[in-house]
Amino acid sequence: MTTCGPNLRVLLLGISLVLAGCVLLPIPLPENKVLAGKPVTEEQLSFLSSKDTTMQQVMDHLGNPNVIWEDTRIFVYNWEMRRGILFWAVGGYGSATAGLSEIPKHYLLLIQFNAQDRIVRFERTVRPMTQSFSDFLQAWGENVPLAPATPQNHPEDEK
Amino acid sequence: MSVSLRIVPYDIMKNLASRCLPQRILVRTAGLVFFCLMMLCSCVPSAVITAKDKAALASGEKALVLLRIQCSVDNQPCEPFIKPSFTVEPIFVFGLGTFETVGEPKYAIHGFLSQEARQAGWIYFLLPPGIYYLAVLGPDSAVISKTDSTNDFRDAPRWRLDVLENTKLIYVGTLHFTGKTEGKLLFGGKVIYPVNTDEIPLQDEREPASHLLAEHFPNAGEVKTILLQRWRPGDSIIIRTPKRSKNE
């Protein structure tokens, strides 16, 4: 029995979709359009590296967080950038319809504070499209770093 | 090429029609069933307190959150929860944002304590302790088509609702909505759309709320009043980890 490579699989999938009267064509684009929220750049994060950064200083620099997870003392800033466009078309029996949809990329800046309102850790990350917001947050909240912590992401370890 | 036409004699047709009588009755019955199904489909589900709910309420696992909706359309008072039928559709639906949705409101089923309570605009939700975000769509004659719409709930007026632990009965306030009519629907109903959604007054009617709850839950204890807090775009969404119930 022969096995087919990933390229062949994609080609076969594409052909089967076309034959089924359905076309899905993702077109990657540079991330230069904000779909929702206010982006936080890497440069804006430089002040977070100090272990003395307080909750108030974070709010002064970045504004009110989009989400406050009260009991875990986590601030969430989220925004969406356009990563591409999905062209879709469905046809059959003499009629057809087509359209364009924007493909979002879900960015998050997560900051956790201690009981003294000082930063414990932070991370600028991207949420996978397949994972819900709450699942992602819970996974991050429960995450105990196994690998040695980087000074940037874990300012308390700088000591 | 010739086209042949087959002419059926009159008596044969008459005979056939008489034989088809049971089929006509069948068609009428099917039509009636179809009409009844359409009547049912036009309804918005509303909750009824079950024995399980009563047990959850008694154990403090859930709280009954009471809210009153009042509405005026074209400056005239309007009943917000007329029983829906084939030609009368609901004009209010509700969304609740939870920890699981990170505050994003999703369609939520509301309940009525009685027919009288329904006519007076009192509704309830049974909720475990936590922070919720209530979104209200209405008064809107097209509201039934918006229950699955994330965008409509996202743009709807929203309030924060706190359900405290060890509290069984909570009254959260009375909201006054206004609407306007413009034209008529296919079956004569009016096209209603909401107006002044930025300024929705919140009234404290704790006395009548306490009376209503005492009537239905005489042994549930004191009614706590925790008024809704308006949430506006740009405000932080606050979430709290829900406590797992004993059954989970």
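## Around B:Leu66 and the nonpolar core

In this predicted model, B:Leu66 makes a good starting point. Leaving out residues up to four places away in sequence, B:Leu66 touches B:Trp122, B:Tyr124, B:Ile170, B:Tyr171, B:Val172, B:Ala209 and B:Leu213. B:Leu66 also belongs to the largest nonpolar core, a group of 62 residues. Together with A:Val76, B:Val65 and B:Leu134, B:Leu66 touches the most other members of that core. Strand 1 of chain B, residues 63-73, gives this core its largest share, eight residues. As background, nonpolar side chains in soluble globular proteins tend to be buried together.

## How chain A is laid out

Let us turn to chain A. It has three helices and six strands, and along the sequence they follow the pattern α-β-β-α-β-β-β-β-α. Of the 159 residues in chain A, 14% are buried. What share of the contacts in chain A with a separation of 6 or more comes from residues 24 or more positions apart? The share is 62%.

## Two loop residues in chain A

Look for A:Arg73 in the loop between strand 3 (67-69) and strand 4 (74-92) of chain A. Is A:Arg73 exposed, partly exposed or buried? It has 16 C-beta neighbours inside 10 Å, and therefore counts as partly exposed; a buried residue would need 20 or more. Apart from neighbours within four places in sequence, A:Arg73 is in contact with A:Gln112 and A:Phe113. You can also trace a line from A:Arg73 to A:Gly141: they are 68 residues apart along the chain, and their C-alpha atoms are separated by 9.5 Å.

A:Asp117 lies in another loop of chain A, between strand 5 (95-113) and strand 6 (119-127). Its backbone deserves a look, with a positive phi near 65° in a residue other than glycine. A:Asp117 counts as partly exposed because it has 13 C-beta neighbours inside 10 Å, and the exposed class stops at 12.

## Where the two chains meet

How many residues does each chain bring to the contact? Chain A brings 12 residues and chain B brings 11 residues. On the side of chain A that touches chain B, strand 3 and helix 3 (133-142) are the elements that give two or more residues. The residues on that side of chain A divide into six nonpolar, four polar and two charged.

Strands of the two chains also pair with each other here. Strand 3 of chain A runs parallel to strand 13 of chain B, residues 237-239, and three bridges link them. To find this pairing on the screen, look for A:Ile68, which stands opposite B:Ile238 in strand 13 of chain B.

## A sheet in chain B

Chain B holds an open sheet of five strands in the order 4-3-6-7-12, with antiparallel pairing. The edges are strand 4 (106-108) and strand 12 (229-231), each pairing on one side only. Neighbouring strands of this sheet are turned by 40° against each other on average, direction ignored. Inside the sheet, strand 6 and strand 7 (residues 158-163) run antiparallel and are joined by six bridges. One spot to look at is B:Ile131, which stands opposite B:Asp162 in strand 7.

## Backbone details and a helix residue in chain B

Most residues other than glycine have a negative phi, and most peptide bonds are trans. Now compare two places in chain B. B:Asp74, in the loop between strand 1 and strand 2 (76-78), has a positive phi of about 55° although it is not a glycine. It has 13 other C-beta atoms within 10 Å, so B:Asp74 is partly exposed. The second place is the bond between B:Gly138 and B:Pro139, a cis peptide bond with omega about -5°. B:Pro139 lies in the loop between strand 6 (130-137) and helix 5 (150-155).

B:Glu207 is found in helix 6 of chain B, residues 206-216. With 11 other C-beta atoms within 10 Å, B:Glu207 is exposed. B:Glu207 and B:Ile192 are 15 residues apart in sequence, and their C-alpha atoms are 31 Å apart in space.

## How sure is the predictor?

For the complex, the predictor gives an ipTM of 0.77 and a pTM of 0.79. Chain B averages a pLDDT of 86, and 81% of its residues score at least 70. Over residues 1-6 of chain B, however, the pLDDT is below 50, and this stretch has zero contacts in the model beyond near neighbours in sequence. Where pLDDT is low, the predicted coordinates should not be read in detail.

Terms used. Residues numbered from 1 in each chain as written. Chains lettered and ligands numbered in written order. Predicted model: local features only at pLDDT ≥ 70, side-chain atom pairs only at ≥ 80, totals over all residues. Core = buried A, V, L, I, M, F, W, Y, C linked by C-beta atoms within 7 Å. Helix = DSSP H or I, 4+ residues; strand = E, 2+ residues; numbered from the N terminus. Contact = placed C-beta atoms within 7 Å. Nonpolar A, V, L, I, M, F, W, Y, C, P; charged D, E, K, R; others polar. Pairing = 2+ DSSP bridges. pLDDT = per-residue confidence, 0-100. Axes fitted to C-alpha atoms, helices over the stretch in contact; angles between N-to-C directions.
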